[in-house]
Amino acid sequence: MDRFEPNLRIPGPTALPPTVRTAGARQMINHRGPEFAAMLARILEGMKPFFGTTSDVAMITTAGSGGLEAAIVNTLSPGDRVLGVSIGAFGDRFAKIAKIYGAEVTKLDAEWGYAADADEIRERLRSLPGTKAVLLTHNETSAGVMNPIAELAAAIRAETPDALILVDSVSGLGAVPFDMDGWGIDVVATASQKAWMAAPGLAMVAASERAWKAMETARMPRFYLDLRRHRDAMASGETPWTPAIAVAFQVDEGIRLMNEEGQAAVFARHVACAAATQAGLQALGFELFAEPAHRSKTVTAASIPDGLDWKAFNGEIKRRQLVLAGGQGKLTGKVFRVGHLGSVAVGEILEAIDTIEAVSLEWGREIEAGVAVAAAERAAANAALQPA
């Protein structure tokens, strides 16, 4: 980390490695030429192992929410029965997109801080015959919760075999294992500014063969987000519309770095950083918001203690070049969040914990100097010893 730059600990956009920043400063190229075609192929093929799929992946110039919208409009028709499983703000957003386009959406809301329950999903599906799709959030950044997608998908398949399973993995994919084909997932969306270590601007969407077939009969309006157009253009090494070339340069370099590190090492690094963050915050007296069994590996949410003037407290943290995220939706003003995904190392997490500790001591919070960083270090070391 550059000592003259902030320690950016939010769940996205994430910090950019030096070579990724350099890549984004390259001169433009012809997006209809062979150089772009080769890069597009590297990106889409390079992402497949992280998706856990052999299916086609499309790259769309849009934010992650555009990827979610693409998942909806390409596979569904107005009036289709949809179960939207929500564990936070982004699960609510996914369901809202489907509703706006005319789907008949039933919500199944878990208490924020908890993962979705497979048995509850099966029970709800029994009361919704003919359900066309189920919407799942892999990693809910608003609450710091990671859903057990394999377990939830298995329950959906057992209860409603024909339902499409659409997954928002914007802040999960690339940081933790994902097996799209093995789990029977139909559409997965992710975005460049998260684990891929690039600037915002690109969403990547993978679809199963079953989903591609569904696109032929889906009747929701689509033009820019039409994945069939992307698939056709990809055959000649292009995108149907002008892409965010500078961001594509960065994603290309980000994937190169991830492959150089190795997939297992990338996942292990995220586990270690999550363990360090959570142990450090707890040692500082902060209560973690998410249930222990399903805490996110990419962002940790912690409750703001009663009586702590968070605005002033966070202002001092910012003055020391540490940038944290506040709460979202109904958690605004109730939690703060520490992002640990993408280009993140344990050392950066230790620096963040050290900064929060220093401000806590200045504010007279009852903690012992050095204990939090030591706890974070131990947790990271223990995580490194665990089998992959």
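Reader: Is Met197 buried or exposed?
Author: Met197 lies in the loop between strand 9 and strand 10 (202–207). Strands here (E, at least two residues) and helices (H or I, at least four) are DSSP runs numbered from the N terminus. On the accessibility scale, buried means under 20% relative accessible area, exposed over 50%, and partly exposed in between, with a 1.4 Å probe and protein chains only. With a relative accessible area of 5%, Met197 therefore counts as buried.

Reader: Before I trust that, what pLDDT do local features need?
Author: Residues are numbered from 1 along each chain as its sequence is written, and side-chain values use heavy atoms, with hydrogens and water left out. The model is predicted: totals for chains, interfaces and linings use all residues, side-chain atom pairs count only at pLDDT 80 or more, and local features need a pLDDT of at least 70.

Reader: Okay, backbone next. What is the phi of Met197?
Author: Met197 is not a glycine, yet its phi is positive. The value is about 65°.

Reader: Which residue in the loop between helix 12 and strand 12 has a positive phi too?
Author: The loop runs up to strand 12 (322–323). The residue there is partly exposed, at 34% relative accessibility. Its phi is near 70°, and it is a residue other than glycine: Gln321.

Reader: Which residue does a cis peptide bond join to Gly12?
Author: The partner sits in the loop between strand 1 (7–8) and helix 1 (18–24). Omega of the bond is about 0°, and the residue joined to Gly12 is Pro13.

Reader: On to the sheet. What is the strand order in the open sheet of seven strands?
Author: Two strands pair if DSSP finds at least two bridges between them. Strand 2 (57–61) and strand 4 (104–109) each have a single partner strand and stand at the edges, so one side of each lacks a neighbour in the sheet. The pairing is mixed, and the order is 2-10-9-8-5-3-4.

Reader: How much is the average twist from one strand to the next?
Author: For angles like this, axes are lines fitted to C-alpha atoms (for helices, over the stretch in contact), and angles run from 0 to 180 degrees between N-to-C directions. From one strand to the next, the twist averages 20°.

Reader: Which residue in strand 9 stands opposite Val167?
Author: Strand 8 (residues 164–168) and strand 9 (residues 187–191) pair in the parallel sense, over three bridges. Opposite Val167 stands Val188.

Reader: Now the aromatics. Why is the pair Phe313 and Trp363 given the type it has, and which type is that?
Author: Rings of Phe, Tyr and Trp (its six-membered ring) pair if their centres lie within 6.5 Å; planes under 30 degrees apart count as stacked, over 60 as edge-to-face and the rest as tilted. Phe313 is in helix 12 (residues 310–319) and Trp363 in the loop between helix 13 (346–362) and helix 14 (371–385), 50 residues apart. Phe313 is buried at 0% relative accessible area, whereas Trp363 is partly exposed at 36%. The ring centres are 5.4 Å apart and the planes at 80°, so the pair is edge-to-face.

Reader: Which residues form one aromatic cluster with Phe313 and Trp363?
Author: By the ring rule, the count comes to nine aromatic pairs. The cluster joins Phe313 and Trp363 with Phe286, Trp310 and Phe336.

Reader: How far apart are the C-alpha atoms of Gln250 and Val20?
Author: Gln250 belongs to helix 10 (residues 245–261) and is buried, with a relative accessible area of 8%. Contact means heavy atoms within 4.5 Å; not counting residues up to four places away in sequence, Gln250 touches Leu16, Val20, Arg21, Ala23, Gly24, Ala198 and Ala199. Gln250 and Val20 are 230 residues apart along the chain, but their C-alpha atoms are separated by 5.0 Å.

Reader: And what is the C-alpha to C-alpha distance for Ile29 and Ala246?
Author: Ile29 is in the loop between helix 1 and helix 2 (34–51) and counts as buried at 16% relative accessibility. Beyond four places in sequence, its contacts are Glu35, Phe36, Met39, Ile245 and Phe249. Ile29 and Ala246 are 217 residues apart in sequence, and C-alpha to C-alpha the distance is 9.4 Å.

Reader: Last one: what is the radius of gyration of the protein?
Author: The protein has 14 helices and 14 strands. The radius is taken over C-alpha atoms, and the globule rule is 2.2 Å times the number of residues to the power 0.38. For 388 residues the rule gives 21 Å, so the protein is as compact as a globular protein of that length, its radius of gyration being 21 Å.
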